[in-house]
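Work through the exercises below with the sequence and the model side by side. Try each task before reading its solution.

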Protein chains: 2
Amino acid sequence: MFLKNKQNKISNSIRIRLFVEGKYGKGCLLEISESQVHYLKNVMRLDAGKQITVFNGLDGEWLATIVNYERKGCGTIKLLALSKPYEASPNCWLLFPPLRSLRTDYLVEKSTEIGVSKLIPVKTSYSQISRFNVRRHRSNAIEASEQCGRLDIPLIEPLLSLEDVLSMWPESRILFFCDETGGEPILKASYGCAKSESGFGVLVGPEGGFTISERIKLKKQPFVRVVSLGSFKLRTETAAIAALSAIFASKDYNNS
Amino acid sequence: MFLKNKQNKISNSIRIRLFVEGKYGKGCLLEISESQVHYLKNVMRLDAGKQITVFNGLDGEWLATIVNYERKGCGTIKLLALSKPYEASPNCWLLFPPLRSLRTDYLVEKSTEIGVSKLIPVKTSYSQISRFNVRRHRSNAIEASEQCGRLDIPLIEPLLSLEDVLSMWPESRILFFCDETGGEPILKASYGCAKSESGFGVLVGPEGGFTISERIKLKKQPFVRVVSLGSFKLRTETAAIAALSAIFASKDYNNS
């Protein structure tokens, strides 16, 4: 959580945000977990009575007050009013091979901040890692969402083979395949497409790249657009963040 | 270095790259350091006689052959031919507050891959870290440059105050100030500007943001353009990478 280490300077100016699942209504009392109590009480040093904000990924952001901390670790908050209406993140899926642990943490954190709606780890021939801990990365995604101000949490899928992902892919959803051997500049390819109602996906490959047969298979799919991220060879997580940042900046630009 | 962990699969298809400082010519014998020998010999398992590529940030990329490894740790390589002519990275400076160690590592690595030409750590009122290890980050930047295929190494400046940086700033160089309180969408603001001959800079703030007086001072500078990276509150290093990725993608787009 973003403020952990700078509470003295700015905790008064920025409201603490918590993600709490469930259906809410004004005046509801919600139980918060031990780790949330630890964060509020010991890290942020907020006493009962102080205000925070909470979101559930459904209604938007609620202003809430801390009612109490219980002895056994949990606590209770009370919802005061809806302070920000819900707005879904852009309908964007990120497909990526699992990386060594810190690099996957980073990829999940950054793509959550930028605004991805679903993270799909895919197993490809040259992936080096064949494990993906959904629980750990869901927790990373929640923390990043709390910090960056988004009103929902990206979905985290379990590890799937590239083949399975392609066979289940919705035909109307464009998939931008970031190909290190070259393609259309990503901003040009995504112009107009990224805002389509069916949403879009971004696929980045493992450090070893894709095999020739994976590449052929990808290029055959009617929904795939082959894009380039420039002439340098980017690491997997850099490619993911660079591609998302470019497309999301382009969306802003188009709206302005 | 990029290939360390997947040597079995792809070491044959991708050439190992080393940064070696100095002026070169065809046929030159160059001494390589102990750590470079360790990398070639023990990590990549390349015997004498094998080919690698080297670059010095001046001529481009040279094809070279490993002549020998000496007993005391160093080694010698011989330059065969210039395999790629020099091309400078875009004239882009990144200004950022130093972060906790892993996050600065990350920022340096990613911005090097994306193609920044100079990294300038700046001390602002709300910076939490007041140290910046130039040597460590130069080494990070070299490793990232070797890996991503660029032909130069970004310059790494020592820590300066924001005030000093602004007072020494070249008037003809645009500085995109990423302001979390809002500004022009970055792609719109950078259109045309980012390609100017004088180059450009990108400034991102610390987690606590800028003070009101820093903000006023920044906005007064004739070279500053206030830009927005969207509605979410990005971490410092995410903001840096997102801003650079958007501008660099736009450059590609404009060229196509």
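Three exercises follow, on the interface, the sheets and the salt bridges.

This is a predicted model, in which local features need pLDDT of at least 70 and side-chain atom pairs count only at pLDDT 80 or more, while totals for chains, interfaces and linings use all residues. Residues are numbered from 1 along each chain as its sequence is written, chains are lettered from A and ligands numbered from 1 in the order in which they are written, and side-chain values use heavy atoms, with hydrogens and water left out.

**Exercise 1. The interface**

Task: describe the contact between chain B and chain A, then break down the side that chain B contributes.

Solution.

Step 1. Count residues. Chain B gives 48 residues and chain A gives 48 residues to the contact (heavy atoms within 4.5 Å).

Step 2. Take the area. The size of an interface is often given as the accessible area lost when the parts come together. Here the two chains bury about 4000 Å², 63% of it on carbon and sulfur atoms. Buried area is the accessible area (1.4 Å probe) that two parts lose on being put together, summed over both.

Step 3. Count polar links. Between chain B and chain A there are 17 residue pairs in polar contact, both residues at pLDDT 80 or more. A polar contact is a pair of N or O atoms within 3.5 Å; within protein, one must be able to donate a hydrogen and the other to accept it, and residues adjacent in sequence count only if both atoms are side-chain atoms.

Step 4. Assign elements on chain B. Two or more residues each come from α1 (7–10), α3 (101–114), α4 (134–148), α6 (186–190) and α8 (236–255). Helices (H or I, at least four residues) and strands (E, at least two) are DSSP runs, numbered from the N terminus. The largest share, 10 residues, is from α8(B).

Step 5. Sort by type. This side of chain B has 20 nonpolar, 14 polar and 14 charged residues. Ala, Val, Leu, Ile, Met, Phe, Trp, Tyr, Cys and Pro count as nonpolar, Asp, Glu, Lys and Arg as charged, and the others, Gly among them, as polar.

**Exercise 2. The sheets**

Task: give the strand order in chain B and in chain A, and find the edges.

Solution.

Step 1. Order the strands. Chain B has an open, mixed sheet of five strands, β1-β3-β4-β5-β2. Two strands pair if DSSP finds at least two bridges between them.

Step 2. Find the edges. β1 (17–19) and β2 (29–32) of chain B each have a single partner strand, so one side of each lacks a neighbour in the sheet. The twist averages 45° from one strand to the next.

Step 3. Check a pair. β4 (60–69) and β5 (75–85) of chain B run antiparallel over nine bridges. B:Thr65 has B:Lys78 as its bridge partner.

Step 4. Turn to chain A. Its open sheet of five strands has the order β1-β3-β4-β5-β2, with mixed pairing. Nine bridges join β4 and β5 of chain A, and A:Trp62 is partnered by A:Leu82.

**Exercise 3. Salt bridges**

Task: locate one salt bridge across the interface and one within chain B.

Solution.

Step 1. Set the cut-off: a side-chain nitrogen of Lys or Arg within 4 Å of a carboxyl oxygen of Asp or Glu. The whole structure has 34 salt bridges over all chains.

Step 2. Look across. Six salt bridges link chain B and chain A. One of them joins B:Arg235 to A:Glu109 (3.2 Å, N to O).

Step 3. Look within. B:Arg136 meets B:Asp105 (2.6 Å, N to O). The pair ties helix α4 to helix α3 of chain B, 31 residues apart.

Notes: Axes are lines fitted to C-alpha atoms, for helices over the stretch in contact, and angles run from 0 to 180 degrees between N-to-C directions.
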